[in-house]
Amino acid sequence: MLTLTNKQVPPVYELAITKQGLDENGNNPKLLNDVEFKLEKLNGNGVDATFNNSTGFMHGTTKGDGADAGKCSFENLSEGSYRLTELKTVDGYNLLAAPIEFTLQKDECRINNTVQKNMVTGNPAEGYTV
């Protein structure tokens, strides 16, 4: 008898961001380029210093033209908890009031321990996009 065993590969995630701004009345969405973000992986004691080849964080800037404007992404993320901080925004707009902490696990994205519906697409074999 021949027994073949394959080990499941841990799923990977891509965090895809589209940054938009609104006018002073909360209307007229506009895609914003040149907005800078920092993504950190968290562990029980704070920031995971071994994340991203021991740099401790990933840096991303929105860019693109037309429908691709205002976009950036962070790829090859493993399951775990993360913190996204907006470092710089476009003149005339406010920075996000606080960093966003979230958890990627079992094909879900959780913010404040609440599953965010319809935010994760994909599958374990091909990866997920958040």
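1. Helices (H or I, at least four residues) and strands (E, at least two) are taken here as DSSP runs, numbered from the N terminus. With that convention in place, N113 is found in the loop that lies between strand 10 and strand 11 (114-115). The model under discussion is a predicted one, and the points below should be read with that in mind.

2. On the overall make-up, the chain contains one helix and 13 strands, and from the N terminus on its elements follow the order β-β-β-β-β-α-β-β-β-β-β-β-β-β. Taken along the principal axes, the C-alpha atoms fill a box of roughly 70 × 35 × 25 Å. Of the contacts with a separation of 6 or more, 55% are between residues 24 or more positions apart.

3. On burial and surface, the chain has 130 residues, of which 28% count as buried. Its accessible surface comes to about 8800 Å², and carbon and sulfur atoms account for 47% of that area. As for charge, there are 12 positive and 17 negative side chains, with the centres of the two sets lying 5 Å apart.

4. A bench reader will probably ask about the cysteines. A disulfide is a covalent bond between the sulfur atoms of two cysteines. How many disulfides does the count come to? With a cut-off of 2.5 Å between sulfur atoms, the count comes to zero disulfides. The sulfur of C72 has its closest cysteine sulfur in C109, 15 Å away, and is therefore too far for a bond. Seen from the other side, C109 is in no disulfide, its nearest cysteine sulfur being that of C72. As to accessibility, C72 is buried, with a relative accessible area of 10%, and C109 is likewise buried, with a value of 2%.

5. Strand 1 (residues 13-18) has a covered face made of Y13, L15 and I17, whereas E14, A16 and T18 form its uncovered face. This strand pairs with strand 7 (residues 71-77) in the antiparallel sense, over five bridges, and within that pairing T18 stands opposite K71. Strand 1 is also joined to strand 13 (residues 127-129), here by two bridges and with the strands running parallel; in this case Y13, from the covered face of strand 1, has Y128 as its bridge partner.

6. Strand 6 (residues 58-61) can be described in the same manner, with M58 and G60 on the covered face and H59 and T61 on the uncovered one. Four bridges join strand 6 to strand 4 (residues 36-43), and the two run antiparallel. In that pairing, E36 stands opposite T61.

7. F51 belongs to helix 1 (residues 51-54). Is F51 buried or exposed? Its relative accessibility is 9%, and F51 counts as buried because the limit for that class is under 20%. Once the neighbours within four places in sequence are set aside, F51 is in contact with L39, E40, K41, G56, F57, M58, L77 and Y82. M58, in this list, also belongs to the covered face of strand 6.

8. T85 is placed in strand 8 (residues 80-88) and counts as buried, at 17% relative accessibility. Apart from neighbours within four places in sequence, the residues in contact with T85 are E36, F37, K38, E40 and P99. E36 is the residue noted above as standing opposite T61 of strand 6, while E40 also appears among the contacts of F51.

9. Two loop residues deserve a look at their backbone angles. K106 has a phi near 45°, a positive value in a residue other than glycine; K106 sits in the loop between strand 9 (100-105) and strand 10 (108-111) and is exposed, with a relative accessible area of 65%. N113, the loop residue introduced in the opening point, has a phi near 65°, again a positive value in a residue other than glycine, and N113 is exposed, with a relative accessible area of 64%.

10. Finally, N123 is part of strand 12 (residues 121-123) and counts as partly exposed, at 28% relative accessibility. Measuring from C-alpha to C-alpha, N123 lies 23 Å from F51, with their positions 72 residues apart in sequence. The corresponding values for N123 and G26 are 35 Å in space and 97 residues in sequence.

Methods: Residues numbered from 1 in each chain as written. Predicted model: local features only at pLDDT ≥ 70, side-chain atom pairs only at ≥ 80, totals over all residues. Heavy atoms only, no water. Buried < 20%, exposed > 50% of the residue type's maximum accessible area, 1.4 Å probe, protein only. Pairing = 2+ DSSP bridges. Contact = heavy atoms within 4.5 Å. Areas by Shrake-Rupley, 256 points an atom, 1.4 Å probe, with all protein chains shown as cover. Lys, Arg positive; Asp, Glu negative; His and termini not counted. Charge placed at Lys NZ, Arg CZ, Asp CG, Glu CD.
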